[in-house]
Amino acid sequence: MITAAALVVPTASQAEEFINILTGGTSGVYYPLGVGLSEIYAEGIPGARTQVQSTKASVENLNLLQQGKGELALALGDSVKMAWEGNTDAGFKGPLDKLRGIAAVYPNYIQIVATKESGIKTLADLKGKSVSVGAPKSGTELNARAIFAAAGISYDDFAKTEYLPFAESVELMKNRQLDATLQSAGLGVASIKDLSTSIAVQMVEVPADVVATLGAPYIDATIPAGTYDGQDGDVKTAAVVNFLVTNDGVSDDTAYAMTKLLFENLPKLEAAHKAAAQIKLENALKGMPLPLHPGAEKYYKEQGLM
């Protein structure tokens, strides 16, 4: 699905600039943030025509960027690292050498949610149950593989493994056709909010020792109490940082403007989704697994970060 989220008609004196923003499913966090960025860029970049494209998220986004089929994408840090290295198991045919970094943005939290009636309370309890791990070779599914392997669990341990995007997983859980789902997203993701208001759920902890086994780019994180309906206490989990990525075909001027406007419009982006509240200029270069785009580099030098 392709949505023209914002449109600006350039004057005759302006060169038209097309910016296609690659996101994820419409019930995730990438999509509303993409819509927010598209509106910021349409307003702030002279002659810009922006579009938001719903995709299967990280892995597809990175492959599309390499093919020149997008100008900006959101992607998980581990997926970006594997794309640059050309990890074939992760869904990359070879090193994606045209990718360039714009910014580290907000962390994705590994959010494992089960139906209350399934009796699942721990990772070990997932054995023998039906579990959705995200769309095949999506960033979420790569996270699922890593998390379960670190906990000594494989997909073979489940009664059934479903490879479904967020919204579809939630619908199956509402209909009692699925016991649990792992979703890698910003806090307050629409799909789990929808689920928790519809049926009784149990958030499943990813213990610190599992996170330590995973190592970088995973970090310890907490899903605060009250993030979802019926979640009375904090839930320990893992997180991995998301990145905004472009390609080397995007001009220095456009990459500079995209970077500058991102950090100058954080309140507007937070209005699109609260996950944007965690985007900080001082963290923009932390863990960057790619060479920076020269346009982004120019902005960070101006800001004294480089």
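In these legends, contact means heavy atoms within 4.5 Å. The views are drawn from a predicted model.

**View 1. Leu261 of helix H8 and its contacts with residues from Ile40 to Ile45.** Leu261 is part of helix H8. When neighbours within four places in sequence are set aside, the contacts of Leu261 are Ile40, Tyr41, Gly44 and Ile45. The relative accessibility of Leu261 is 12%, and the residue counts as buried because this value is under the 20% cut-off. Asp97 lies 164 residues from Leu261 along the chain, and the C-alpha atoms of the two are separated by 26 Å.

**View 2. The packing of helix H1 against helix H8.** Helix H1 spans residues 30–44 and helix H8 spans residues 252–264. The two helices pack at an angle of about 115°, and their axes are 10 Å apart. The crossing in which H1 passes H8 is right-handed. On the H1 side, the contact is formed by Leu37, Ile40, Tyr41 and Gly44. On the H8 side, Ala257, Met258, Leu261 and Leu262 take part. Sorted by class, the residues of this contact comprise seven nonpolar and one polar, with no charged residues.

**View 3. Ser38 within helix H1.** Ser38 is located in helix H1. With a relative accessible area of 0%, Ser38 is buried, because buried means under 20%. A polar atom of the Ser38 side chain lies 2.7 Å from the backbone oxygen of Val35.

**View 4. The packing of helix H8 against helix H10.** Helix H10 covers residues 294–302 and packs with H8 at an angle of about 45°, the axes being 6 Å apart. This angle makes H8 oblique to H10. The crossing of the pair is right-handed. From H8, the residues that meet H10 are Asp252, Ala255, Tyr256, Thr259, Lys260 and Phe263. Their counterparts in H10 are Pro294, Gly295, Ala296, Lys298, Tyr299, Tyr300 and Glu302. The residues of the contact between H8 and H10 divide into seven nonpolar, two polar and four charged.

**View 5. The surroundings of Ala103 in strand S5.** Strand S5 runs over residues 99–115 and contains Ala103. Ala103 has a relative accessibility of 0% and therefore counts as buried. Apart from neighbours within four places in sequence, Ala103 is in contact with Asn242, Phe243, Leu244, Leu262, Phe263, Ala284, Met288 and Tyr300. Among these residues, Leu262 also belongs to the contact of H8 with H1, while Phe263 and Tyr300 also appear where H8 meets H10. Pro46 is 57 residues from Ala103 in sequence, and the C-alpha to C-alpha distance between them is 22 Å.

**View 6. Ser191 in helix H6 and its polar contact with Gln183.** Ser191 is found in helix H6, which comprises residues 190–198. The relative accessible area of Ser191 is 3%, so the residue is buried. Its side chain makes a polar contact with the side chain of Gln183, at 2.6 Å. Beyond residues up to four places away in sequence, Ser191 touches Ser27, Phe166, Val170 and Gln183. Gln183 is thus listed both as a residue touched by Ser191 and as the partner in the polar contact between side chains.

Key. Residues are numbered from 1 along each chain as its sequence is written. This is a predicted model: local features need pLDDT of at least 70, side-chain atom pairs count only at pLDDT 80 or more; totals for chains, interfaces and linings use all residues. Side-chain values use heavy atoms; hydrogens and water are left out. Axes are lines fitted to C-alpha atoms, for helices over the stretch in contact, and angles run from 0 to 180 degrees between N-to-C directions. Helices (H or I, at least four residues) and strands (E, at least two) are DSSP runs, numbered from the N terminus. A crossing is left-handed if the near helix is turned anticlockwise from the far one by less than a right angle, and right-handed if clockwise. Ala, Val, Leu, Ile, Met, Phe, Trp, Tyr, Cys and Pro count as nonpolar, Asp, Glu, Lys and Arg as charged, and the others, Gly among them, as polar. Buried means under 20% relative accessible area, exposed over 50%, partly exposed in between (1.4 Å probe, protein chains only). A polar contact is a pair of N or O atoms within 3.5 Å; within protein, one must be able to donate a hydrogen and the other to accept it, and residues adjacent in sequence count only if both atoms are side-chain atoms. Angles under 35 degrees count as roughly parallel, over 145 as roughly antiparallel, 65 to 115 as roughly perpendicular and the rest as oblique.
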